[in-house]
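Work through the following exercises with the sequence and the coordinates open side by side. Each task is followed by a solution that proceeds step by step.

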Amino acid sequence: MRPFDDTPLARDGKVLILAYDHGLEHGPVDFEEVPESANPERVFEVATHPAVTTLAVQKGVAEAYYPSYEDEVDLLAKLNGTSNLWMGEPDSAVNCSVEYAAEELGADAVGFTLYGGSNTEIEMAEEFREAHEAAREYDLPVVMWSYPRGQGLKNDKKPGTIAYAARQAHELGADVAKVKYPGSRDAMEQAVRMAGRTKVVMSGGSKTSDREFLESVKAVIDAGGAGLAVGRNVFQRENPTRILDALEQVIYEEASVDTALAAAGD
Ligand code: FBP
């Protein structure tokens with residue numbers, strides 16, 4: 001495997017994945033606030049921003065739109081995913097193989113959800129093993145959406161749970177662990193420590209104010225996290241470029257939130 005920093009997922013050792021698999025995971029409700037966001041072309045355009053290292057989409061969106069953007073955007077193919085219509089135990093169908101992602105879609109990285117703590121964890125971990133080993137053959141970096149959830153987990157953002165999620169991603173071989181924000185810099189530091197050489201990025205979460213969102217990203221960077229994988233906090237804004245300008249400051253320049261907001265025109 002080539003050094004992580006030489007992969008398209010990284011810019012100066014940092015990561016900003018734009019996630020756009022919400023049409024599958026949550027459904028049309030996520031596009032209501034900004035109706036144009038239902039159009040994948042709009043998000044591919046947004047992903048040409050230099051702050052974005054890769055765009056994470058499902059196979060169907062990649063097949064339909066990536067051929068027009070492959071010179072400007074690096075693709076992260078999400079290999080599994082499930083609709084919000086599914087009412088069973090947390091689980092995620094494998095919708096795309098690594099071979100297909102690499103050879104047909106032209107992916108630069110792959111992503112995989114693991115619901116640690118779910119009754120389906122064993123099968124999901126075995127599916128992850130297959131994907132991880134195939135990704136190594138293609139020299140593609142692997143991002144794990146490491147989201148503990150299931151009947152036994154009442155609070156999936158507890159610091160100890162997020163640290164465990166980061167560690168689980170590390171132990172299973174992920175290059176990047178995408179975890180929910182555990183609420184503080186200290187808690188994020190614990191997750192980063194547990195992740196060893198696996199990079200830790202924060203999952204964006206539901207839309208919040210510019211300041212609140214940037215403060216959480218800043219806490220992640222200050223905790224030694226590599227950056228962010230974000231969807232709604234970018235594409236649910238009327239002006240996604242403005243927040244990406246601010247994120248570029250916080251993530252790559254390690255600027256303060258005030259400086260980032262000023263640079264973005266506040
Ligand atoms: P957001 O930044 O919008 O939270 O997106 C991150 C993400 O992991 C998406 O890739 C995915 O569609 C969604 O969150 C899943 O969220 P959840 O499973 O918590 O509903």
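**Exercise 1. A pair of helices**

Determine how H6 passes H7, and describe the contact between these helices.

Solution. H6 passes H7 in a right-handed crossing, and it should be kept in mind throughout that the model is a predicted one. The next step is to place the two axes: helix H6 covers residues 159–172 and helix H7 covers residues 185–194, and their axes come within 8 Å and cross at roughly 25 degrees. Because angles under 35 degrees count as roughly parallel, H6 is roughly parallel to H7. Turning to the residues, Pro159, Gly160, Ile162, Ala163, Ala166, Arg167 and His170 on the H6 side meet Ala187, Gln190, Ala191 and Met194 on the H7 side. Sorted by character, the residues of this contact comprise 7 nonpolar, 3 polar and 1 charged.

**Exercise 2. A second pair of helices**

Find the angle at which the axes of H8 and H10 cross, and list the residues through which these helices meet.

Solution. The axes of helix H8 (residues 210–222) and helix H10 (residues 240–252) come within 10 Å and cross at roughly 25 degrees. This angle makes H8 roughly parallel to H10, and the crossing of the two is right-handed. From H8, the residues Asp210, Phe213, Leu214, Val217, Lys218 and Ile221 meet Arg242, Ile243, Ala246, Leu247, Val250 and Ile251 from H10. The residues of this contact divide into 9 nonpolar and 3 charged, with no polar ones.

**Exercise 3. The sheet**

Establish in what order the strands of the closed barrel run, and then examine individual pairings within the barrel.

Solution. The closed barrel has 8 strands in the order S1-S2-S3-S6-S7-S8-S9-S10, with parallel pairing. Neighbouring strands of this sheet are turned against each other by 25 degrees on average, direction ignored.

Consider next the pairing of strand S3 (residues 75–78) with strand S6 (residues 109–114), which run parallel and are joined by 3 bridges; here leucine 76 stands opposite alanine 109 in S6. Helix H5 (residues 121–137) packs on the sheet, where it touches S6 and strand S7 (142–146), and its direction makes about 170 degrees with that of S6.

Further along the barrel, strand S8 (residues 176–180) pairs with S9 in the parallel sense over 5 bridges, and valine 176 has lysine 199 as its bridge partner in S9. Strand S9 (residues 199–203) is in turn joined to S10 by 3 bridges, again in a parallel arrangement, with leucine 228 in S10 as the bridge partner of methionine 202. S9 is mostly covered, since 4 of its 5 residues are buried.

The last pairing to examine is that of strand S1 (residues 15–19) with strand S10 (residues 227–230), which run parallel and are joined by 4 bridges. Within this pairing, isoleucine 17 has alanine 229 as its bridge partner in S10.

**Exercise 4. Two residues and their surroundings**

Decide whether alanine 51 and threonine 54 are buried or exposed, and identify the residues that each one contacts.

Solution. Begin with alanine 51, which lies in the loop between helix H2 (40–46) and strand S2 (54–57). Its relative accessible area is 0%, and because buried means under 20%, alanine 51 counts as buried. Setting aside neighbours within four places in sequence, alanine 51 is in contact with Arg11, Leu16, Leu244, Glu248 and Tyr252.

Threonine 54, by its position, belongs to strand S2. Threonine 54 is likewise buried, with a relative accessible area of 0%. Not counting residues up to four places away in sequence, threonine 54 touches Pro8, Leu9, Leu16, Ile17, Leu18, Asp74 and Leu76.

**Exercise 5. Positive phi angles**

State where aspartate 12 and glutamate 254 are placed, and classify the accessibility of each.

Solution. Aspartate 12 is in the segment before S1, and its phi is near 50 degrees, a positive value in a residue other than glycine. With 66% relative accessibility, aspartate 12 counts as exposed, because the cut-off for that class is over 50%.

Glutamate 254 is found in the loop between H10 and helix H11 (257–263), and it has a positive phi of about 55 degrees although it is not a glycine. At 45% relative accessibility, glutamate 254 counts as partly exposed.

Note on methods: Residues are numbered from 1 along each chain as its sequence is written. This is a predicted model: local features need pLDDT of at least 70, side-chain atom pairs count only at pLDDT 80 or more; totals for chains, interfaces and linings use all residues. Side-chain values use heavy atoms; hydrogens and water are left out. Axes are lines fitted to C-alpha atoms, for helices over the stretch in contact, and angles run from 0 to 180 degrees between N-to-C directions. Angles under 35 degrees count as roughly parallel, over 145 as roughly antiparallel, 65 to 115 as roughly perpendicular and the rest as oblique. A crossing is left-handed if the near helix is turned anticlockwise from the far one by less than a right angle, and right-handed if clockwise. Contact means heavy atoms within 4.5 Å. Ala, Val, Leu, Ile, Met, Phe, Trp, Tyr, Cys and Pro count as nonpolar, Asp, Glu, Lys and Arg as charged, and the others, Gly among them, as polar. Buried means under 20% relative accessible area, exposed over 50%, partly exposed in between (1.4 Å probe, protein chains only). Two strands pair if DSSP finds at least two bridges between them.
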